[in-house]
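Student: I am new to this structure and would like to go through it step by step. Could we take it as a series of questions?

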Amino acid sequence: MAGDAVVLTVPGPNGDREVRISSPGRVIFPEAGITKLDLATYLVEVGDAFVRANGDRPVSLQRFPEGIDGEQFFSKNPPRGTPDYVRSVAVTYPSGRSHPQLVVDEPAAAVWAAQMNTVVFHPWPSRAEDPDNPDQLRIDLDPQPGTGFSDAVAAAIELRAVLREAGLTAFIKTSGNRGLHVFAPIVPQREFLDVRHAVIAAARELERRMPDSVTTAWWKEERGERIFVDYNQANRDRTMAGAYSPRALPHASVSAPITWDELEHVEPRDFTVLTMPERLRTVGDPWEDFGADPGTIDELLGWWERDVNDGLGELPFPPDYPKMPGEPPRVQPSRAKKA
C-alpha cells in the first residue's frame with residue numbers, strides 16, 4: 001500500500017536527502033528478524049565508512065525482493081526511477097559489450113539500493129573515472145571442505161608477508177562467510193589481465209610456502225583440504241562483497257574490515273548488521289586510511305615472468321570467459337584422463 005512507507009533522512013556530502021522506504025516491515029533476514037527498514041537504517045548508520053570503501057566504483061547490486069530465502073538477481077544497469085543523485089558509468093565486460101553500471105557516491109545511494117531490495121553490494125576494484133585499470137589488488141582466501149576460518153587466518157598472515165616483500169601494504173576483512181579478503185591499494189596504471197597475473201604470482205608464492213595448506217588449483221577435485229586462493233576474482237567483471245556490505249546469510253553477517261592485530265581473535269559471525277554500527281562508533285574504521293599509500297604490482301609481475309620462464313603459465317579462466325591466450329584446456333582433469 002502507498003501509505004505503508006517510511007522516509008529516512010540520510011546525511012551526506014550534499015546535505016540531507018529524504019529516501020522513501022516502502023514495505024518497511026518486510027522481513028529480509030527471517031532468522032535474525034531483520035526487516036527492510038532495519039537494513040536501510042544500517043546503511044545510514046555506517047554510511048560514511050561504506051561510501052569510503054565502496055564509493056566512486058561501478059557496483060553490482062544483489063537484490064532479494066522476497067528476502068534472502070527467496071529469488072535473487074543481480075542488477076547492474078540503472079533501473080527505471082533511479083534518483084538523480086545516483087549516477088552510472090560505462091564499463092566494458094569480458095564479452096566486449098559496454099553498458100552503464102551504477103555508482104554509489106553518497107550514503108543516500110546505498111539506502112536507495114536497500115529500498116530496491118539490495119542486500120549485497122559488489123563494487124569493482126577500479127574507479128568510475130578509470131574502470132579499466134584497478135586501484136585495488138584483491139585476493140580471496142576461500143576455505144574448502146575440511147578447512148575453516150582458522151586455516152584462512154594462517155594463510156592470510158603469510159600472504160601479508162608475501163605482499164610486503166612485493167612492496168605492497170595489505171589490508172584485511174572478513175568475507176562475511178568463512179573466508180577472508182586481502183586487499184592492497186595499487187596505482188591504477190595496469191589493466192585487469194596484468195592485475196590477475198600479479199594475483200597469480202602472489203598466490204603461487206603463498207602456495208610454495210604453505211603447500212599443505214594452500215592451493216591455486218582451479219578444479220575442485222584437485223584442491224583437497226586446503227585454502228583455495230581464488231585468483232579468478234581478479235578478472236574484469238568479477239567482484240567480491242564490499243567492505244561493510246551485508247551478506248545474504250541467516251545471521252545477517254557483514255564483510256567486516258579488521259586490523260591485523262585482531263585477526264587471530266575474531267569470529268566472522270560477530271560482525272552483523274546489528275553489531276557493526278556500534279563497532280564503528282567505538283573501534284572506528286580500520287580501513288579509514290586505505291589508499292593513502294598505494295604501491296605498484298611491478299615486483300609481482302616480475303615474479304609472474306619468472307614463473308612463466310620456469311614453465312608455470314596461464315591458469316584457467318571462468319567458463320563464461322572467451323578463450324584466452326595461453327590458457328590451458330577447460331576440461332576437468334579426471335575427464336581429460338578418461339578422454
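Student: Which residue of E6 stands opposite leucine 61?
Tutor: This is a predicted model, and in it strand E5, residues 59–63, pairs with E6 in the antiparallel sense over 3 bridges. Within that pairing, the residue of E6 that stands opposite leucine 61 is serine 75.

Student: In what order do the 3 strands of the open sheet with E5 lie?
Tutor: The edge strands are E6, residues 73–75, and E9, residues 118–123, each of which pairs on one side only. Neighbouring strands of this sheet are turned by 25 degrees against each other on average, with direction ignored. The pairing is antiparallel, and the order is E6-E5-E9.

Student: At about what angle to E9 does H3 run?
Tutor: Helix H3 covers residues 107–115, and it lies across both E5 and E9. Its direction relative to E9 is given by an angle of about 130 degrees.

Student: How are H1 and H3 oriented to each other?
Tutor: The axes of H1, residues 36–45, and H3 come within 9 Å and cross at roughly 170 degrees. Angles over 145 degrees count as roughly antiparallel. The two helices H1 and H3 are therefore roughly antiparallel.

Student: Which residues make the contact of H1 and H3, and how many of them are nonpolar, polar and charged?
Tutor: On the side of H1 the contact is made by Lys36, Ala40, Leu43 and Val44, and on the side of H3 by Ala110, Val111, Ala114 and Gln115. Sorted by class, the contact of H1 with H3 has 6 nonpolar, 1 polar and 1 charged residues.

Student: Which residues of H2 are buried, and against which elements do they pack?
Tutor: Helix H2, residues 47–54, is mostly covered, with 6 of its 8 residues buried. Those buried residues are Gly47, Ala49, Phe50, Val51, Ala53 and Asn54. They pack against H1, H3, E9, E10 and helix H6, residues 276–282.

Student: Which residue with a positive phi follows H2?
Tutor: The phi in question is near 60 degrees, and the residue that follows H2 with this value is aspartate 56.

Student: Which strands stand at the edges of the open sheet of 6 strands?
Tutor: The order of this sheet is E13-E14-E10-E12-E11-E15, and its pairing is mixed. At each edge a strand has a single partner strand, so one side of it is left without a neighbour in the sheet. The edge strands are E13, residues 214–215, and E15, residues 257–258.

Student: Over how many bridges does E12 pair with E10, and over how many with E11?
Tutor: Both pairings of E12 run antiparallel, and examples of facing residues are glutamine 136 opposite proline 185 and isoleucine 172 with its bridge partner valine 182. E10, residues 136–143, and E12 pair over 6 bridges, while E11, residues 171–174, is joined to E12 by 4 bridges.

Student: Are the faces of E12 buried or exposed?
Tutor: On one side of E12 lie Leu180, Val182 and Ala184, and on the other lie His181, Phe183 and Pro185. Taken over the strand, residues 180–185, 6 of its 6 residues are buried. Both faces are therefore covered, since the residues on each side are all buried.

Student: Is glutamine 144 buried or exposed?
Tutor: Glutamine 144 lies in the loop between E10 and helix H4. Leaving aside neighbours within four places in sequence, glutamine 144 is in contact with Arg178, Arg223, Gly224, Arg226 and Phe228. Its relative accessible area is 7%, and a value under 20% counts as buried. Glutamine 144 is therefore buried.

Student: How are H4 and H5 oriented to each other?
Tutor: The axes of H4 and H5, residues 192–209, come within 10 Å and cross at roughly 125 degrees. The contact is made by Ala155, Glu158, Leu159, Val162, Leu163 and Glu165 of H4 and Ala202, Glu205, Leu206 and Arg209 of H5. By class, this contact of H4 with H5 has 6 nonpolar, no polar and 4 charged residues. From their crossing angle, H4 and H5 are therefore oblique.

Terms used. Residues numbered from 1 in each chain as written. Predicted model: local features only at pLDDT ≥ 70, side-chain atom pairs only at ≥ 80, totals over all residues. Heavy atoms only, no water. Axes fitted to C-alpha atoms, helices over the stretch in contact; angles between N-to-C directions. Parallel < 35°, antiparallel > 145°, perpendicular 65-115°, else oblique. Contact = heavy atoms within 4.5 Å. Nonpolar A, V, L, I, M, F, W, Y, C, P; charged D, E, K, R; others polar. Buried < 20%, exposed > 50% of the residue type's maximum accessible area, 1.4 Å probe, protein only. Pairing = 2+ DSSP bridges.
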